[in-house]
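Me: I'm new to reading protein structures, and I'd like a close look at one part. Could you walk me through the aromatic rings and what surrounds them?

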Amino acid sequence: MTIVQTPPATIRGSGATLQTAVKGLLRGTPGRMRLMGVVGVLAALLLGGAATNAVLASEAAAERAANNTQQVVRMQSIHVDLLRADALATNAFLVGGLETAESRAQYDAAMASVIRTVAAGAAAQPADATALGALAEHVQTYAALVEQARSNNRLGLPVGARYLTEASASLRTSAIPVVVQLVQANEGRAQSEFERTNSSLQLYLGVGALIVLVLVAVWLARRTHRYVNPSFALGVVLLVVGLFVASSAIGGIGTAASQVASGDYRRAVDLAEIRTAANDARANESLTLIQRGGGDRYEQAWLANDTTIRAALDRVDGSPGLASAWQKYALAHAEIRGVDNDGRWEQAVELATSTGAAGTTAPFRAFDQQVTEQRDAASRSAIEQLGSLGGGSTVWAVLVGLVSLIASWLIVRGVGQRIKEYR
């Protein structure tokens with residue numbers, strides 16, 4: 001008995017049937033029109049997606065720039081507070097015996113501020129956590145040496161000077177380099193985000209998609225000999241408008257961020273550098289006297305701080321008051337050095353520690369207060385401006401996305417009209 005095998009029947013919806021259907025849809029001029037319609041829709045969606053993403057990317061970069069600017073301020077504050085604490089400790093040491101309650105309170109406040117800011121910085125920027133942990137250990141070592149110096153100073157033991165000198169040295173060789181690296185790292189992050197606020201490069205994808213749409217429109221016009229396609233043209237116009245809106249939003253964010261970067265942000269960084277160098281100079285002034293004739297290297301460090309401060313003051317707009325205040329302190333410091341070099345050490349110490357008009361304490365405090373106020377104002381302004389740059393950008397991004405969807409529907413409709421006319 002012979003068994004006849006019959007081939008399996010073709011099932012509707014199978015791969016072969018689907019392939020045949022696709023070939024049918026793409027056959028001839030109508031098929032090519034459909035293919036061009038698909039290309040046009042993809043180009044419209046690409047344009048909308050690129051424009052939307054570019055706007056959102058600029059907004060996100062502005063937000064990150066604000067966060068990184070705040071972290072820069074934190075790291076600069078740690079730097080200043082550490083040197084301020086050292087300046088207070090070394091100056092108080094010159095008095096001999098027990099330091100004043102005011103001086104001790106100011107030192108404790110500066111050190112407490114360092115600890116709080118280290119914790120806040122580690123929470124705000126995980127990338128800094130390891131370095132801040134190491135910094136906290138260095139700060140503890142410094143604080144312990146200062147306490148040993150205090151204890152010996154109360155007892156009138158000369159070894160206290162060695163402990164204090166060692167504390168200041170450890171601060172500058174272990175803690176300060178870590179802070180400097182953290183400041184530089186966060187300044188680099190902030191600068192990178194300032195640059196990313198202008199995401200216009202992503203719009204080139206949108207421009208390329210727009211060119212593709214124009215080519216599709218030209219192909220349709222030549223193939224159908226109909227040069228006006230209202231639906232297709234309206235879709236292209238909407239996409240052009242969407243691209244313009246996205247470009248304007250990104251340009252606005254980028255321009256504003258650039259102004260902040262060169263304005264309040266730069267001013268805040270320069271003022272922080274000034275305050276840091278000033279407190280370092282104040283500490284070096286006291287360390288020079290503590291060494292009693294052997295502190296030339298500390299005076300050289302003071303002179304280097306003075307050069308740094310004057311150069312930074314030249315960069316800061318509207319700082320004549322600061323320059324004048326620093327000059328008053330510098331003149332008072334020059335008087336101390338003259339008296340000390342003449343062999344009148346006790347009188348030099350009196351000038352360095354006195355809170356009266358004749359010493360260096362009053363002019364230094366006046367200068368430090370002015371710098372602090374201006375630095376804080378510039379920092380707040382920079383952060384507030386950056387934080388407000390994204391306002392409304394999300395709305396524009398959503399609208400551009402909707403426009404691209406509407407334009408896609410209009411393109412499909414326009415191509416469909418030409419296919420019907422061709423038949």
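How many aromatic pairs does a search of the whole structure find?

Reply: Happy to help! Before the rings, a word on the source. This is a predicted model, in which local features need pLDDT of at least 70 and side-chain atom pairs count only at pLDDT 80 or more, while totals for chains, interfaces and linings use all residues. Residues are numbered from 1 along each chain as its sequence is written, and side-chain values use heavy atoms, with hydrogens and water left out.

Now to your question: the search of the whole structure turns up six aromatic pairs. Rings of Phe, Tyr and Trp (its six-membered ring) pair if their centres lie within 6.5 Å; planes under 30 degrees apart count as stacked, over 60 as edge-to-face and the rest as tilted.

Take Trp302 and Tyr329. Their ring centres are 6.2 Å apart and their planes meet at 45°, so this pair is tilted. The pair links distant parts of the chain, since Trp302 belongs to helix 8 and Tyr329 to helix 9 (residues 320-341), 27 residues apart. Helices here are DSSP runs (H or I, at least four residues), numbered from the N terminus.

Tyr329 also pairs with Trp326: the centres are 5.0 Å apart and the planes at 50°, so this pair is tilted too. Trp326 and Tyr329 are three residues apart in helix 9, which means about one helical turn separates them.

Are these rings buried or exposed? Trp302 and Tyr329 are both buried, and Trp326 is buried with a relative accessible area of 0%. Buried means under 20% relative accessible area, exposed over 50%, and partly exposed in between (1.4 Å probe, protein chains only).

The picture then widens, as ring pairs link Trp302, Trp326, Tyr329, Phe364 and Phe367 into a cluster. Phe364 and Phe367 are among the buried residues of helix 11, which also include Val371 and Leu386. Helix 11 (residues 361-388) has 28 residues and reaches 40 Å from its first C-alpha to its last, close to the 40 Å expected at 1.5 Å a residue. That expected span is 1.5 Å times one less than the number of residues.

One more ring deserves a look, that of Trp345. The charged end of Arg292 sits over the Trp345 ring, 3.7 Å from its centre. A charge sits over a ring if NZ of Lys or CZ of Arg is within 6 Å of the ring centre and within 35 degrees of the ring normal.

How values were computed. Helix = DSSP H or I, 4+ residues; strand = E, 2+ residues; numbered from the N terminus.
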